[in-house]
Amino acid sequence: MPRFSVIVPAYKVQAYLHECLESVLGQSYPDLELIAVDDCSPDACGAIIDEFAARDARVLPVHLPENVGLGRARNAGLERATGDYLIFLDSDDSLTPDALHAIADRLKETDEPDVLVYDYARTYWSGEVVRNQVSAQLTEEGPAPFRLEERPGLLRLLMVVWNKAYRREFVERAGLAFPPGYYEDTPWTYPALMSAETIATLDRVCVHYRQRRHGSILGTSSRKHFDVFAQYDRVFAHVDAHPELDRWRPVLFRRMVDHLSTVFVKRGRLPRGARAEFLRKARAHYRRYRVPGGVPAGGGARLRHALVRFGAHRTYRLLSFLSRTRKRALRLSTGLLRGARGAVLQFHYRVQLRLPLRADRAVFSSYWGRGHGCNPGALESAFRTFAPHVRTAWIAHLEHHHTVPAATRRVRPGTAGYWTALARSKYLVNNVNFDRRLVKRPGQIMIQTQHGTPLKRMGLDLQDRPAAARGTDFAELLRGTDKWDYCLSANRHSTLVWERAFPSSYTTLEYGMPRNDVFLKAISADVARLRETLGIPAGAIAVLYAPTYRDYRSSRHGTLDLDRVLRRLGPRFVVLTRAHPTFGAPLPDTAGGRVIDVSGHPSIESLCLASDALVTDYSSLMFDYAGLDRPIVVHADDWEAYEAARGTYFDLRAFPPGAVARSEDELIDIFATGHWRGSRSSQLRAAFRERFCPYDDGRAAERVVRRVVLGETAGLPPFVPFAERHPVPSAAAALPRAAGSAPPQGAPAAAPRTTVPAPGGAVPLTETL
């Protein structure tokens, strides 16, 4: 018996059917049967299905003697299904790579729920890909599985059958089947979700929902749109037959009214002569199914309810017109004020561009206005040390001003001071691009520091990855790149990537990452102080957990059950969790205080110094951390999906910086046995460090300033050989090791260095060195 029965009804889709069937059969999870139903299609659909069946025994062809419509064609597939779970796929849509593998894993994680809801993305004929706008409802946080009353927001999702996997035993027990006519998904999906004892979600795009150039059948003008009334009759009949579902009547009533009004107001769906009749039937349904609590509180939804309740089409059109007019007037007035302010600022900027350039000024920023840090932060400190005649300013939003050193001028984005700084500063330093309206003046020098070594694809290399590119304007990207004078690189790999992904005439400075200089300058006293500040218990092994974001997920990615991991490893371990900035929220803490959230800490370098090991997936942080020569463990539980969505420059599993875990259990085993800091891990890290950290010797920022600002082309600080570099050891280096792990590697005594003074407030460690 297969794990999945994938049911694909086909009718007049010969141009898309091949891609659909290939997307199923090409899945990395092969335990499936593909039931392809030819709904007496007049084109070549039947022949295409037979061709697939001839070459793959998993394909079960079904040829219906007459056209019965989408719902009954699905029923024909249901009758022949033998899989544990049922998956429906429309024949012009497709499964994304590794979708079934992700679904199977999530089903196992959530104890075989009755229904698993997953995400989709609309794929347009123009090539544009747009993810479901309410995908936040699919978050995997919280208990799972659950019942619908615990997550009623799921009813906000598109009520279709093909974004869910259904346990076949549940479907048979609930007596679910598809009715004839349009909107056949309605009397299936609502009863399925309301009746399910257990539901789970998967925050992953598993289906590409094709948007054809000439629209779908539901967008055509026909009296068949009247079928929507019978479908809601079936939904409420199901509730009548199951009194325990009465609590859902208000929600179903609101959804019905929204649906009926949508059908009515969508242009071209109803024949002109049938619109009045449709509104009369809608009014009758409103009166038949109205219940207390079913009418929304206000806004546009209330207006739609008034349309259906009273059938007052002309009144609805008038009120809609007045509402739209009011909103446009508000937008216009707001836009005029914003435009006037913007025009004044741009006039100010143009005036400043005509004034002399200030050779003694430099302006810095990082990550679109966040705080002092990363490579620009290290360079700003180096400017004040090695080129003190240059006055520095830092662009940051007000909430990040506390991170900026007192000696540095603070500038808010979008202000007159901001535009003055951009117009008249000789040096412009950023790890992303400045405002696209920036005019690069003759004599200005722009330094693009980048923010790490690239594992995932970047720049022009994303042109064939629409999910990752997310509407990137590549022409604008190149215009920004053309403003660069220098681009920093940590290694030869980065140099080759930058020059291909961001092609222009800039000069690459292969000097190392300035932000990593602190790893060679800090001492053990700094590490101890940082650990105390973060609340890391004495004698504990602190693991920094820093997962990156996923282009195929909307919510933060954290597949590790940290509570379980720490419970298995014992009280000796604590975890510092660092959520990716795009998540906008910390990772969950369920481990009774042994998980320390450091997502808001201003300096990732300080967190690296405080930790004893790094656990990450595909974050570029691993390249920086390798310069510390501390253990790194890669948690690559979804490499295939990540590679399919984003693309990478090399297979991390084949050349890792340490041990690789492909599951949570493997990760636990790596730490429990001591392999995380064993001899094999050290060998992998050494090879990785040699390839990606050849210039991270503590003097990268100095080289940049001497070359770019002081004009020194010869006599720059030579690169320190690996044997002579002594990164500050971790606090765990002196702790006894587990049985079977390698003996401690004694670090040579480093030359005396000045202890870093304790900062007052949240000041990055890079600033105090």
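A residue is called buried when its relative accessible area is under 20%. By that yardstick, 54% of the 769 residues of the protein come out as buried in this predicted model. The accessible surface adds up to about 33,200 Å², and carbon and sulfur atoms own 53% of that. As for secondary structure, the protein has 26 helices and 22 strands. Contacts reach a long way along the chain: taking those between residues at least 6 apart in sequence, 74% link residues at least 24 apart.

Two of the sheets are worth walking through. One is an open sheet of seven strands, laid out as β12-β11-β10-β13-β14-β15-β16 and paired in parallel. The edge places go to β12 (409–411) and β16 (507–510); each has a single partner strand, so one side of each lacks a neighbour in the sheet. From strand to neighbouring strand, the turn averages 25° when direction is ignored. Further in, β10 (residues 358–365) runs parallel to β13 (residues 425–430), and five bridges join the two. In this pairing, Phe364 sits opposite Val429 of β13.

The other sheet is also open and its pairing is parallel, with six strands in the order β19-β18-β17-β20-β21-β22. Here β19 (595–597) and β22 (659–661) are the edge strands, and because each has just a single partner strand, one side of each is left without a neighbour in the sheet. The twist from one strand to the next averages 25°. Within the sheet, β17 (residues 541–545) and β18 (residues 573–577) pair in the parallel sense through five bridges, with Tyr545 standing opposite Thr577 in β18. Helix α23 (residues 664–672) packs on this sheet and touches β17, β18, β20 (613–616), β21 (632–635) and β22. The direction of helix α23 makes about 150° with that of β22.

Back on the outside of the protein, Phe347, Val351 and Leu355 make up a nonpolar surface patch, and together they offer about 270 Å² of accessible area. Val351 belongs to helix α11 (residues 313–353). With a relative accessibility of 35%, Val351 counts as partly exposed, because that class lies between the under 20% cut-off for buried and the over 50% cut-off for exposed.

Key: Residues numbered from 1 in each chain as written. Predicted model: local features only at pLDDT ≥ 70, side-chain atom pairs only at ≥ 80, totals over all residues. Heavy atoms only, no water. Pairing = 2+ DSSP bridges. Helix = DSSP H or I, 4+ residues; strand = E, 2+ residues; numbered from the N terminus. Axes fitted to C-alpha atoms, helices over the stretch in contact; angles between N-to-C directions. Contact = heavy atoms within 4.5 Å. Patch = residues over 30% accessible without salt bridge, like charges linked within 9 Å, V, L, I, M, F, W, Y side chains within 5 Å. Areas by Shrake-Rupley, 256 points an atom, 1.4 Å probe, with all protein chains shown as cover. Salt bridge = Lys/Arg side-chain N within 4 Å of Asp/Glu carboxyl O. Buried < 20%, exposed > 50% of the residue type's maximum accessible area, 1.4 Å probe, protein only.
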